[in-house]
Amino acid sequence: MSGYLLLCPGQGAQHPAMLGFALATTEGTQAIAEAAESAGIDIAKRVLAGDDLFEPVFAQVCMVTAAMATWRSLARWLPAPAAFAGYSVGEVASWGCAGTWSVAESIAIVKRRAQFMVDASPPGCSMMAVTGITQEVVEHALGNDVHVAIEVEADHWIVAGRRADVEKAGEAMTAAGACLHPLPVSVPSHTPLLSNAAESLRQVLKATPGREPQAPVLRGIDGRALFARADAADALADAVSKPIRWRAVLQEATERGLAIALELPPGAGLTKMFRNTASVDARAVADFRSVEGVARWIERAL
């Protein structure tokens, strides 16, 4: 397969200028307005003020808004992507960018997703990035109370659980040579602790109409390419309570012959992952100053 992969990031890189690229275009500004009306929040004002960008519900809303509004800014200037993929909450945005849901519909979905997750989350939870140790060492250190939430690379993991349990597991992993990086997330995403949230979201999505995606969406829990709107409900619900296997997404992209990837805002974390682990020429929109710059790079790269 030729073409490029469009990437939608997860939480972690929020910043007050994250909507800047979209706000510089008429299309992006309109998309942000549609998102704000759907959410009942002045998203642009709150983001620009840096107003609690990591609050669990607003964080998900602003991440999906940034990705979809930026894609709205770019879409008519670029060839259609050959596939879409999203990391964590970015998987919701990936279905939206693929055309299954509008901006307003996607924001309504992600707002409910976020609230389900908050409501189901036990008190005092946290997430932590772990680097420098193997899967076997991670799983031995975690025991039964802390869970692998995301498999990023062969020596890069995100774990989650109750804070005291995460800290205890962290001591064991540090002793084994790991580097730990606490994350500004208080919801144990992608773990069995959110099973109730997953089922609530599944029912909402099954009752939500939509359109067929314009190109396959790579499922976060195993990298499998999905071609039908009906697949979105289980894919997104399962991802709430099951680990994200991002390595499988990287592998699927390379096996499908996708040699180019473009990451939507904010940040460039997924771009770095692709550069580290796959033979993919990856760039982030954050690397460019204008729509024209992105379009020229895609044209040359393809």
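Modeller: Two strands pair if DSSP finds at least two bridges between them. Helices (H or I, at least four residues) and strands (E, at least two) are themselves DSSP runs, numbered from the N terminus. The model is predicted: local features need pLDDT of at least 70 and side-chain atom pairs count only at pLDDT 80 or more, while totals for chains, interfaces and linings use all residues. Residues are numbered from 1 along each chain as its sequence is written, and side-chain values use heavy atoms, with hydrogens and water left out.

Colleague: In what order do the six strands of the open sheet stand?

Modeller: The pairing in this sheet is mixed. Its edge strands are S8 and S11 (281-284), each of which pairs on one side only. Read across, the order is S8-S7-S2-S1-S10-S11.

Colleague: Which residue of S10 is the bridge partner of Leu5?

Modeller: Leu5 lies in S1 (residues 4-8). S1 runs parallel to S10 (residues 260-263), and four bridges join them. The partner of Leu5 in S10 is Ala261.

Colleague: Which residue of S2 stands opposite Cys8?

Modeller: S1 is also joined by four bridges to S2 (residues 83-86), again in parallel. Leu6 stands opposite Phe84 of S2. Cys8 stands opposite Gly86.

Colleague: How many residues of S1 are buried?

Modeller: Buried means under 20% relative accessible area, exposed over 50%, and partly exposed in between (1.4 Å probe, protein chains only). Tyr4, Leu6 and Cys8 are buried on one side of S1, and Leu5 and Leu7 are buried on the other. Of the five residues of S1, the number buried is five.

Colleague: Which residue of S7 is the bridge partner of Phe84?

Modeller: In S2, Phe84 and Gly86 point one way, Ala83 and Ala85 point the other way, and all are buried. S2 pairs with S7 in the parallel sense over two bridges. The partner of Phe84 in S7 is Val217.

Colleague: Which residue of S8 stands opposite Val217?

Modeller: S7 (residues 217-218) and S8 run antiparallel, joined by two bridges. Opposite Val217 in S8 is Leu226.

Colleague: Helix H12 packs on the sheet; which strands does H12 touch?

Modeller: Contact means heavy atoms within 4.5 Å. Angles run from 0 to 180 degrees between N-to-C directions, and axes are lines fitted to C-alpha atoms, for helices over the stretch in contact. The direction of H12 (residues 269-277) makes about 165° with that of S11. The strands H12 touches are S1, S10 and S11.

Colleague: H7 and H8 pack together; is H7 roughly parallel, roughly antiparallel, roughly perpendicular or oblique to H8?

Modeller: H7 (residues 135-142) and H8 (residues 163-175) pack at about 140°, with their axes 8 Å apart. Angles under 35 degrees count as roughly parallel, over 145 as roughly antiparallel, 65 to 115 as roughly perpendicular and the rest as oblique. The angle therefore makes H7 to H8 oblique.

Colleague: How many nonpolar residues are in the contact of H7 with H8?

Modeller: From H7, Val138, Ala141 and Leu142 meet Ala169, Ala172 and Met173 in H8. Ala, Val, Leu, Ile, Met, Phe, Trp, Tyr, Cys and Pro count as nonpolar, Asp, Glu, Lys and Arg as charged, and the others, Gly among them, as polar. None of the contact residues is polar or charged, and the nonpolar number six.

Colleague: Which residue of S5 is the bridge partner of His147?

Modeller: S4 (residues 146-153) and S5 (residues 156-162) pair antiparallel over six bridges. A hairpin through two residues joins S4 to S5. In S5, His147 is partnered by Ala160.

Colleague: Which residue of S5 stands opposite Thr131?

Modeller: S3 (residues 125-131) runs antiparallel to S5, and seven bridges join them. Six of the seven residues of S5 are buried. Opposite Thr131 stands His156.

Colleague: Why does Ser189 count as buried?

Modeller: Ser189 sits in the loop between S6 (179-183) and H9 (195-206). Leaving aside residues up to four places away in sequence, Ser189 touches Met117, Met127, Ala149, Ala160, Leu194 and Val240. Ser189 counts as buried because its relative accessibility is 8%.

Colleague: How many of the eleven residues of H10 are buried?

Modeller: Val240 is one of the buried residues of H10 (residues 231-241). The buried residues of H10 pack against H5 (90-97), H6 (103-120), H9, S8 (225-226) and S9 (244-245). H10 is mostly covered, and its buried residues number nine.
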